[in-house]
Amino acid sequence: MDSLALLCSLYGQGPVTLRRLRDAGCRTCDDVLCLEPTKLARALRTRRPAADRFQREARELAARIGEFGGPAPAIESNELAAASEPALEAAPSEPTLEEAGSQLRPELLDGLDSALCLRLRALGIERVEDLARADALDLARSLEVPVTRVVRLQFLARRLADTRVETESELRTFTLLPRRSQLSVARFSPAESAGELAPLAEQERMEDWAREQAFEPVEGAGELAAGPFGHAAACAEAGALDSKAAGPFA
Amino acid sequence: MHTYALANHKGGSGKTTTAIHLAGALAARGRRVLLIDLDPQAHATLGLSSEAEDSPCALEVLTGEVRALDALHAAPGGITLIPSHGRLAEFEERAARELGSEGALRRALAPLEGRFDECLLDCPPRADGLLTANAIRACDTVLLTVETGAFALQGALKAQEIVDELLAASRLAPELRVVATMFDRRLRIAREVLIAMQARFGARLYDTAIRSSARLREAAGAGVPIQLLAPRSSAAQDFAALADELALSPVLA
């Protein structure tokens, strides 16, 4: 099954949608994204909003399976656990400390998953401040999610934005907090994750900061990139979260 | 004649439903299709309004008491059927005492070569039994049917393991293909399983995922393939697309 067939099964009418897209010259999710929305709507024999939504779903799926045009990478084990997790591998490289303070990314706010993050970016909302300022009702309509979810996200965004400007130290504290998905990855590939999540210089600065604050970073805290909060509880939580993330399919 | 064995270690994965309606879709394309019910529960036989109470069934064909040609039944939708019966369960016990019993079906089907274009073997839910071993030895393609629900992937992987062992023990090398069944895109678990299956099986997974449909249940109750009951339904479209894929897809090494 190629990615286009998968897309059509997940979000279309299976073989009917697949045939229409292939007739329109599409072979991959990437081709669907490159197609003009009006042409796509014509090919799918639907209206423009449905075509827009289909393109959004194609973009999310491509990010999810780590593919833009090429074949899907084979997953040797824990397929479902990996499939259930937000597309961490497909996420852009970790932003710098300054960027991280404002750029929206999955898991930055509780309830902000990768799919929603992509949809927000598609609407031009790329920063925490943009989310905090946006009109909740319009946003809920555009995202097709309950307005209560948007209001909650905006509350968290405002709180995060307010906290962010207080001091530089505090900025470091919350931007380097281990996120649930990071903890999962860190457990499986600590060396790689440490490199991805916190550059060495940053890690050293964090350790200095922790010493100043009389925290005692435990062994392995650096690997988890947990910063000043890389204590035993965080490690224990990482284990607990891992087992949750793996679910019944582990 | 290209022979497909529909197998899975897990019961309720859609083997029989796929066998009946895929046979119907192939027959609707003008192909000469033989369906052999190898499940002692005889659900494929019942699903095609047939029974083998007083006539030869797959057991007699496998034991060599009756020629396969003499056990053929005309079933609805232009399908030819070798039916099953509860007494097929005796085969495992009887064949266990004989040498080379895994090749019984292959030998029995040899005279039918050229009479049919496709032969579908509906296997019982035990992938490590003698009936499934016979089907795998007789087939060109092992078709794993995987329900898109919880635990389905584990069942498929177990079946794949058993098939790999059987293939390693024999000198035959049928290709292994996978078809997703009972797909309901409204369910998150179904979508997750399909994504995982695509990641796990890649090109071996057919592009068509068979969607769950109330029409399929009605067709089973009516004892006809879906092509006769609801030819324009989504289920009929899915099986038609799968039949097209079977005809067009290249053999994967």
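Author: A residue is buried if 20 or more other C-beta atoms lie within 10 Å of its own, and exposed if 12 or fewer do. By that rule, buried residues make up 57% of the 253 residues in chain B. The model is a predicted one.

Reader: Thanks, that helps. What share of the 250 residues of chain A counts as buried?

Author: For chain A it is 34% of the 250 residues. The secondary structure of chain A comes to 17 helices and zero strands, while chain B has 11 helices and seven strands. In chain A, residues 24 or more positions apart account for 56% of the contacts with a separation of 6 or more; in chain B that figure is 78%.

Reader: Let's try the rule on single residues. Why does Arg191(B) count as buried or exposed?

Author: Arg191(B) has 20 C-beta neighbours inside 10 Å. The cut-off for buried is 20 or more, so Arg191(B) counts as buried. This arginine sits in helix H8 (residues 188-201) of chain B. Leaving aside neighbours within four places in sequence, Arg191(B) is in contact with Leu10(A) and Arg185(B). Gly149(B) is 42 residues away from Arg191(B) in sequence, with 9.1 Å between their C-alpha atoms.

Reader: And what makes Thr63(B) partly exposed?

Author: Its count is 16 C-beta neighbours inside 10 Å. Buried starts at 20 and exposed ends at 12, with partly exposed in between, so Thr63(B) counts as partly exposed. Thr63(B) lies in helix H3 (residues 58-63) of chain B. The C-alpha atoms of Thr63(B) and Ala95(B) are 7.9 Å apart, although 32 residues separate the two along the chain.

Reader: How do you know whether Ser49(B) is buried or exposed?

Author: Ser49(B) has 12 C-beta neighbours inside 10 Å. Exposed means 12 or fewer, so Ser49(B) counts as exposed. You will find Ser49(B) in the loop between helix H2 (43-47) and H3 of chain B. Its phi is near 55 degrees, a positive value in a residue other than glycine. In chain A, Arg45(A) is also not a glycine and has a positive phi of about 55 degrees. Arg45(A) is in the loop between helix H4 (37-44) and helix H5 (48-64) of chain A, and with 10 C-beta neighbours inside 10 Å it counts as exposed.

Reader: Now the helix packing. Why are H1(B) and H11(B) called roughly perpendicular?

Author: The axes of H1 (residues 15-28) and H11 (residues 234-248) of chain B come within 8 Å and cross at roughly 70 degrees. Angles of 65 to 115 degrees count as roughly perpendicular, so the label fits H1(B) and H11(B). H1(B) passes H11(B) in a right-handed crossing. Among the residues making the contact are His21(B), Leu22(B) and Gly24(B) of H1(B), and Phe239(B), Ala240(B) and Leu242(B) of H11(B).

Reader: One more: which residues have the most contacts inside the largest nonpolar core?

Author: They are Ala5(B), Leu121(B) and Ala135(B), in a core of 129 residues. Domain 1 (3-64) and domain 2 (97-166) of chain A both give residues to this core, so it lies between them. Not counting residues up to four places away in sequence, Leu121(B) touches residues including Ala5(B), Ile36(B), Leu38(B), Ala135(B) and Cys139(B). In soluble globular proteins, nonpolar side chains tend to be buried together.

How values were computed. Residues are numbered from 1 along each chain as its sequence is written. Chains are lettered from A and ligands numbered from 1 in the order in which they are written. This is a predicted model: local features need pLDDT of at least 70, side-chain atom pairs count only at pLDDT 80 or more; totals for chains, interfaces and linings use all residues. A nonpolar core is a set of buried Ala, Val, Leu, Ile, Met, Phe, Trp, Tyr and Cys residues joined through C-beta atoms within 7 Å. Domain bounds come from an automatic or database domain assignment. Two residues are in contact if their C-beta atoms, placed from the backbone, lie within 7 Å. Helices (H or I, at least four residues) and strands (E, at least two) are DSSP runs, numbered from the N terminus. Axes are lines fitted to C-alpha atoms, for helices over the stretch in contact, and angles run from 0 to 180 degrees between N-to-C directions. Angles under 35 degrees count as roughly parallel, over 145 as roughly antiparallel, 65 to 115 as roughly perpendicular and the rest as oblique. A crossing is left-handed if the near helix is turned anticlockwise from the far one by less than a right angle, and right-handed if clockwise.
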